[in-house]
Amino acid sequence: MNKIWIIEDDASLARLISENLTKWGYPCEAATNFDQLDKEFLSVQPQLIILDVSLPGKSGHAWCAEIRKLSKVPILFLSSHNENLDIIMALNQGGDDYLTKPFSMEILVARIQALLRRAYSYEPSGTLMEFQGAVFNLADASLSKDGRQCELTKNEFKILQLLLENKNKVVSREKIMLKLWNNDCFVDENTLTVNVNRLRRKMEQLGIDDCIETRKGLGYQLHA
């Protein structure tokens, strides 16, 4: 599922956006700590961000720059400011799109769908990879076992794919990060660890335990 994180200090507007996007099948979460949005981002792990320009404390422009140090997740600015300078600043700080208030909910949904298509266009190859009784579907980025299924984020998808392609071999952290970088989803050392741990937890929920081993000083190894 493509989780959307709404960074909007107008609680009623954030709730309205969330309710409408949920009807379209997009799970939403609203920001709660406007002083530590970078840390909250790592906890939420959204697939798209709706970001207001005018926020308590730092501006949306400043927070966009901070988030860009962590991820290339699509960011859609939503603001009442419609001057060219504001739009240029938002895009220069790493924003992917800009929508001014008041706005049509249909237009917002269309912009979101376009951003998600560009950012998460998994090629529908139909290839299935099996290991430890589980099936990894490259067509829809899903992992399933014994009738249970979970969906993976783009980072988790690429990490598991690389480990499966090199099963029972050690894959260096540098090689994994290079693969993610080449796919427009750069992560640093700490964020890579977070993504691997999230992938492990999802696998454990399906009954796939102790599958990804950390090889200290070397990288990761998938025992398939």
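Helix H6 (residues 154-165) lies across S6, strand S7 (134-137), S8 and S9, and runs at about 120 degrees to S7. Contact here means heavy atoms within 4.5 Å. Axes are lines fitted to C-alpha atoms, for helices over the stretch in contact, and angles run from 0 to 180 degrees between N-to-C directions. Helices (H or I, at least four residues) and strands (E, at least two) are DSSP runs, numbered from the N terminus.

This is a predicted model: local features need pLDDT of at least 70, side-chain atom pairs count only at pLDDT 80 or more, and totals for chains, interfaces and linings use all residues. Residues are numbered from 1 along each chain as its sequence is written, and side-chain values use heavy atoms, without hydrogens and water.

Now the sheet beside H6. Its 4 strands form an open, antiparallel sheet in the order S6-S7-S8-S9. Strand S6 (128-131) and strand S9 (148-151) are the edges, each pairing on one side only. Strands pair if DSSP finds at least two bridges between them. Strand S8 (residues 142-145) joins S9 through 4 bridges. Lys 145 stands opposite Arg 148 in S9.

Turn to strand S4 (residues 75-79). In S4, 5 of 5 residues are buried, meaning under 20% relative accessible area with a 1.4 Å probe, protein chains only (exposed is over 50%, partly exposed in between). Ile 75, Phe 77 and Ser 79 point one way, Leu 76 and Leu 78 the other.

S4 runs parallel to strand S3 (residues 48-52), joined by 4 bridges. Ile 49 stands opposite Ile 75. S4 also runs parallel to strand S5 (residues 97-100), again with 4 bridges. There, Phe 77 partners Tyr 98.
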